[in-house]
Amino acid sequence: MLVNKLEAYESWNIEKPNIRSHSRLYALEPVGVGTPYVESLTSYIARLAETHSVPTGMLVLHELAPFLKEGYTFQSKDGGIDQIFANQTKALNGMGTWVIKLIPALESLTLRNDLKSLTMLNWAEIIPQRNLLHSVRAWCPICYENWHKNEQIIYEPLLWSLNEIKVCIHHNQHLCTKCPHCQKENRLLAWDSRPGYCSKCRKWLGISQENISSEPVQLTETEIEWQNWVTKNLGDLIASALNLSSPPKEKIHETLSACVNIIASGNVAAFAKQIGRGRTQTHRWCIGKSLPTIDTLLDICFQLQISLLDFLTKEVSITDFDNLHIPKLEEPIRTVRSSYKIVNTPTEVLQTLKTALTENPPPSLTEIVKRLGYQKTSVLYYHSSDLSKAIATRYAEYQKSEKVDKLKLILEEILANQEYPPPSMQEVAERFGTNFHNLKKHCPELCCKISSRYATYCKDESKKRIGILRQEIRQVALKLNAEGIKPTNSRISESLKTPVAILQKEAITIAKEIRHELGWEE
């Protein structure tokens, strides 16, 4: 039978399919990414460990440690996370070296690319680490309890890690730092870390609002207002990290300089006074010599009534301060140094400095300032920085020499007093509020004599003690021998004033000698 029409069959695609690579660890989604209440990195690690049904410490040591320490291999004797992080787990939510290493390691294991937003790393260039983070774990027990009742994910927001966050604004409740069951503080990341549970006693940390405390700590309106403002501004800072590139280090001094120009007509001293800060420190911030800490930044922004995020990321203009209660200055305040009066010519000041370098005992810069009728040593550095430094160095050496002489006199008196029993160097150091290494550094010979005398005393006391022990062992052994009983160590110990004394090396030797003498041993 002839077939006039060809039948069409289904075509096959023989190209190799694009199969997505698998992550080694479960690609757990962080909570709240891009929001003010994003999860902290330490919380994410603890939840990741819980997802894999292993202790947090085991996950860190088995999976993360090889990325963090080259050549690291897990051994059971390693003991804990401290072997890796050296007690610095509080910094893992911040911006230090460990965070820079930890995030790529976690992202390679989970194949996620948003874990940087779980830390403060985005602000590393313009916010110092000092005063940034709590030293221990902090939490709101009411938040934990509510999340648990509503079957929500139990986690720790990054906000709770920040040192300036003292209160949960949702419940007007101070953050807790001690477990209500064992009264112990928790590290940010420990071997048994688990969100919502104490890492020490492993008990639940959540408490309902009704049971939080019979006498809760009342917050003042000022505290509530401040904490609301701080939480709002730090929350905005955290939320913006996902889509905002890290601002340059110069941003701080550029913004502060603009504020000085707008508010104080370019007068740094006037601006510093208005914000309640020192003129010198404010000037250093404005020229980029140093950076204000996060608590200082928040305080400045609060006084200027500008958001922290705008302060760090935007160009400020005069319209930003329209509602500012601090009056703007039309003319700069004169910067005449009223803290001292000019009564000396530059030549007289230089001559005074040169003369001071020849005086004995050498005077301090403070003393020279008073002679000249000034109040601040900065005026001396203005006239001659080199001479002022030389005087300061000479006076410091003189003070050091005086201190050493005083220490020598004290040690010589101790040796001359022939105190009995003679004190050890540790005891001498404690008496005079110093430490042994400091004494040994400045007075090595005298320290050696005191230590030698104490060592001789200890040796003599040891000989006396052994002599008394020998006599006591001999009497007990002779008594047992007279009764026809072999004076073994255990039998002798039963009759000693201090039975455990028989375990001493000297006592064992003495007992053996006496048994040999009595014919019980060859």
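## Rings, salt bridges and cores in a predicted model

Q: Which helix does W226 lie in?
A: This is a predicted model, and everything below is read from it. Look along residues 221-240, a stretch that forms one helix and takes in W226. That helix is α6.

Q: Is W226 buried, partly exposed or exposed, and what is its relative accessible area?
A: Buried needs a value under 20%, and exposed needs one over 50%. W226 falls in between, so it counts as partly exposed. Its relative accessible area is 22%.

Q: Which residues is W226 in contact with, leaving aside its neighbours within four places in sequence?
A: Start with D299, which sits 73 residues from W226 along the chain. Their C-alpha atoms are separated by 9.6 Å, and W226 is in contact with D299. With the other partners added, the set is E164, L298, D299 and F302.

Q: How many helices does the protein have alongside its two strands?
A: Of the 522 residues in the protein, 40% are buried. Among contacts between residues at least 6 apart in sequence, 68% join residues at least 24 apart. As for the elements themselves, the two strands come with helices numbering 20.

Q: How are the rings of Y144 and W147 arranged?
A: A pair of aromatic rings is described by the distance of the centres and the angle of the planes. For Y144 and W147, the centres are 6.2 Å apart and the planes meet at 70°. An angle over 60 degrees puts a pair in one class, so this one is edge-to-face.

Q: Y144 and W147 both lie in which helix?
A: The two residues are three apart in sequence, about one turn of the helix. Both are buried, and W147 has a relative accessible area of 14%. The helix, residues 141-149, is α5.

Q: What kind of aromatic pair do W147 and W160 form?
A: W147 is in helix α5, while W160 is 13 residues away in the loop between α5 and β1. Their ring centres are 5.9 Å apart, with 15° between the planes. Planes under 30 degrees apart meet the cut-off, and the pair is stacked.

Q: At what relative accessibility does W160 count as buried?
A: The ceiling for a buried residue is 20%. W160 comes in under that, so it counts as buried. The value for W160 is 5%.

Q: Which residues do ring pairs link into a cluster?
A: The structure holds twelve aromatic pairs. The pairs already covered, Y144 with W147 and W147 with W160, both feed into the cluster. The linked residues are Y144, W147, Y155, W160, Y197 and W204.

Q: The charged end of which residue sits over the ring of Y197?
A: Y197 belongs to the ring cluster. A charged group is placed 4.0 Å from the centre of its ring. Elsewhere, R137 lies over the face of W139, 5.5 Å from the ring centre. For Y197, the residue is R194.

Q: How many salt bridges does a search of the whole structure find?
A: One of them joins E39 and R47, with N and O 2.7 Å apart, and both of these residues are buried. R112 and D114 make another, at 2.9 Å, where D114 has a relative accessible area of 11% and is buried. E359, E367 and R371 are linked in a network. The search finds salt bridges numbering 15.

Q: Why are E461 and K464 separated by about one helical turn?
A: The closest N and O atoms of this salt bridge are 3.6 Å apart. E461 is partly exposed at 30%, and K464 is partly exposed at 48%. The separation is about one turn because the residues share helix α18 and their spacing in it is three residues.

Q: Which residues touch the most other members of the largest nonpolar core?
A: In soluble globular proteins, nonpolar side chains tend to be buried together. Here the largest nonpolar core has 81 residues, and helix α7 gives the most to it, with seven. A second, separate core of 14 residues includes L480, A507, I510 and A511. In the largest core, the residues touching the most other members are I127, L234 and L312.

Key:
Residues numbered from 1 in each chain as written. Predicted model: local features only at pLDDT ≥ 70, side-chain atom pairs only at ≥ 80, totals over all residues. Heavy atoms only, no water. Helix = DSSP H or I, 4+ residues; strand = E, 2+ residues; numbered from the N terminus. Buried < 20%, exposed > 50% of the residue type's maximum accessible area, 1.4 Å probe, protein only. Contact = heavy atoms within 4.5 Å. Phe/Tyr/Trp six-rings, centres within 6.5 Å; stacked < 30°, edge-to-face > 60°. Lys NZ or Arg CZ within 6 Å of the ring centre and 35° of its normal. Salt bridge = Lys/Arg side-chain N within 4 Å of Asp/Glu carboxyl O. Core = buried A, V, L, I, M, F, W, Y, C linked by side-chain atoms within 4.5 Å.
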